[in-house]
Amino acid sequence: MAYMVKELFPTLQGEGAQSGRASVFCRFAGCNLWSGRETDREAAACTFCDTDFVGTNGPGGGRFADAATLARAIEAAWRGGTQARHVVFTGGEPLLQLDAALVDAMHAHGFTIAVETNGTIAAPPGIDWICVSPKPGYDLVQRSGDELKLVYPQAACPPERYADLAFHHFMLQPMDGPDQGKNTAAAVSYCLTHPRWRLSLQTHKLIGIP
Ligand SMILES: C[S@@+](CC[C@H](N)C(=O)[O-])C[C@H]1O[C@@H](n2cnc3c(N)ncnc32)[C@H](O)[C@@H]1O
Ligand SMILES: Nc1nc2[nH]cc(C(=O)O)c2c(=O)[nH]1
Ligand code: SF4
Ligand SMILES: [Mg+2]
């Protein structure tokens, strides 16, 4: 299968429980909850997305003919030698494209694999770190994993709905946008009174790295 990749770059994981970890980010093109066109945003299931995932024209992006070719490109982007190799598949919605062939190819190159997903599609076996970030209007299909990272606040997705699912970490991430300051204060307040939840800041934005 060919893979459509918007961009591919080395950076530190900026969010969640693995924040600060050296990673290669592979951002797949396309999402099932928004076309990515601004004219469609208001009517989309997911309206607050902070990401351009349309096309294959970003740094390191392109069409990769098969898993071996994409795995070689990810390995070439990794700057850390043979130690602690780690790739984060995101998007767009990565589970539209991430399959067993790519999971196997990354493991064969010595990488651990993380995925950032909206939870509407089941993850293939073998992924080492599953981060689910629920969105309104859809039942979660992927209901277990390592990290549940809820963008906050979302009226239709209150944290109480997710707190008893089978995840190891429960993170609240303030919604970026015009109300970011207010949303951060609200997330801090929620974590103080619901200590199962921890604050996830988008630290890459704070320090100006991708
Ligand atoms: C761009 S999404 C791609 C992965 C997948 N489609 C998803 O939604 O989880 C990556 C992460 O950014 C989060 N995110 C998107 N827009 C955001 C915003 N405006 N503020 C804070 N986090 C946001 C998502 O919830 C998700 O955890
Ligand atoms: N540094 C950095 N960390 C991230 N964690 C999740 C991201 C994403 O867009 O999925 C992201 C991102 O875009 N950059
Ligand atoms: S599901 Fe993820 S990639 Fe898709 S529009 Fe929402 S935040 Fe963006
Ligand atoms: Mg991002």
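**Exercise 1. Find which residues UniProt lists for "binding site", and work out why they can be said to gather at one spot.**

Solution. Start with the record: an unreviewed UniProt entry lists C31, C46 and C49 under "binding site". Next, look at the spacing in this predicted model. The three cysteines span 19 residues in sequence, yet no two of their C-alpha atoms are more than 10.6 Å apart, so they gather at one spot.

**Exercise 2. Decide whether C31 and C49 are buried or exposed, and place them in the fold.**

Solution. Begin with location. C31 sits in the loop between β2 and β3, and C49 is placed in the loop between β2 and β3 as well. Now count neighbours, remembering that 20 or more other C-beta atoms within 10 Å make a residue buried. C31 has 23 C-beta neighbours inside 10 Å, so it counts as buried. For C49 the count is 20 other C-beta atoms within 10 Å, so C49 is buried too. Finally, list the company of C31: leaving out residues up to four places away in sequence, C31 touches G36, F53, G91, G92 and E93.

**Exercise 3. Trace the order of the strands in the sheet, then find which helices pack on it.**

Solution. A handy reminder first: strands of a sheet pair through backbone hydrogen bonds, either parallel or antiparallel. Here, nine strands form an open sheet with mixed pairing, in the order β3-β1-β2-β4-β5-β6-β7-β8-β9. At the edges are β3 (62–64) and β9 (197–199), each of which pairs on one side only. On average, neighbouring strands of this sheet are turned by 30° against each other, direction ignored.

Now zoom in on one pair. Strand β2 (residues 22–28) and strand β4 (residues 86–90) run parallel and are joined by four bridges. Within this pair, C26 has F89 in β4 as its bridge partner.

Then add the helices:
- Helix α1 (residues 67–77) packs on the sheet and touches β1 (3–12), β2, β3 and β4, with its direction at about 20° to that of β1.
- Helix α3 (residues 180–193) also packs on the sheet, touching β7, β8 (166–174) and β9, and its direction makes about 140° with that of β8.

**Exercise 4. Describe the shells around the two ligands by residue and by class.**

Solution. Take ligand 1 to begin with. Of the 18 residues around it, D50, T51, N118, S133 and D176 come nearest. The elements giving two or more residues to this shell are β5 (112–117) and β7 (144–152). Sorted by class, the shell around ligand 1 holds five nonpolar, eight polar and five charged residues.

Move on to ligand 2. Its surroundings are T11, L12, Q13, G14, E15, F25, T51, T90, E116, H204 and P210. This shell divides into three nonpolar, six polar and two charged residues.

**Exercise 5. Work out how L96 should be classed, and which residues it touches.**

Solution. L96 lies in the loop between β4 and α2 (100–108). It has 17 C-beta neighbours inside 10 Å, so it counts as partly exposed. Not counting residues up to four places away in sequence, L96 touches F28, G30, N32 and I121.

**Exercise 6. Summarise the stretch that UniProt lists as "domain: Radical SAM core".**

Solution. The unreviewed UniProt entry gives residues 18–210 for this feature. In the model, the end C-alpha atoms of residues 18–210 lie 16 Å apart. The span is 20% helix and 24% strand.

Terms used:
Residues are numbered from 1 along each chain as its sequence is written. Chains are lettered from A and ligands numbered from 1 in the order in which they are written. This is a predicted model: local features need pLDDT of at least 70, side-chain atom pairs count only at pLDDT 80 or more; totals for chains, interfaces and linings use all residues. A residue is near a molecule or strand if its C-beta atom, placed from the backbone, lies within 6 Å of it. Ala, Val, Leu, Ile, Met, Phe, Trp, Tyr, Cys and Pro count as nonpolar, Asp, Glu, Lys and Arg as charged, and the others, Gly among them, as polar. Two strands pair if DSSP finds at least two bridges between them. Axes are lines fitted to C-alpha atoms, for helices over the stretch in contact, and angles run from 0 to 180 degrees between N-to-C directions. Two residues are in contact if their C-beta atoms, placed from the backbone, lie within 7 Å. A residue is buried if 20 or more other C-beta atoms lie within 10 Å of its own, exposed if 12 or fewer, and partly exposed in between; C-beta atoms are placed from the backbone. UniProt positions are given in the numbering used here, feature names are shortened, and annotations may be inferred rather than shown by experiment.
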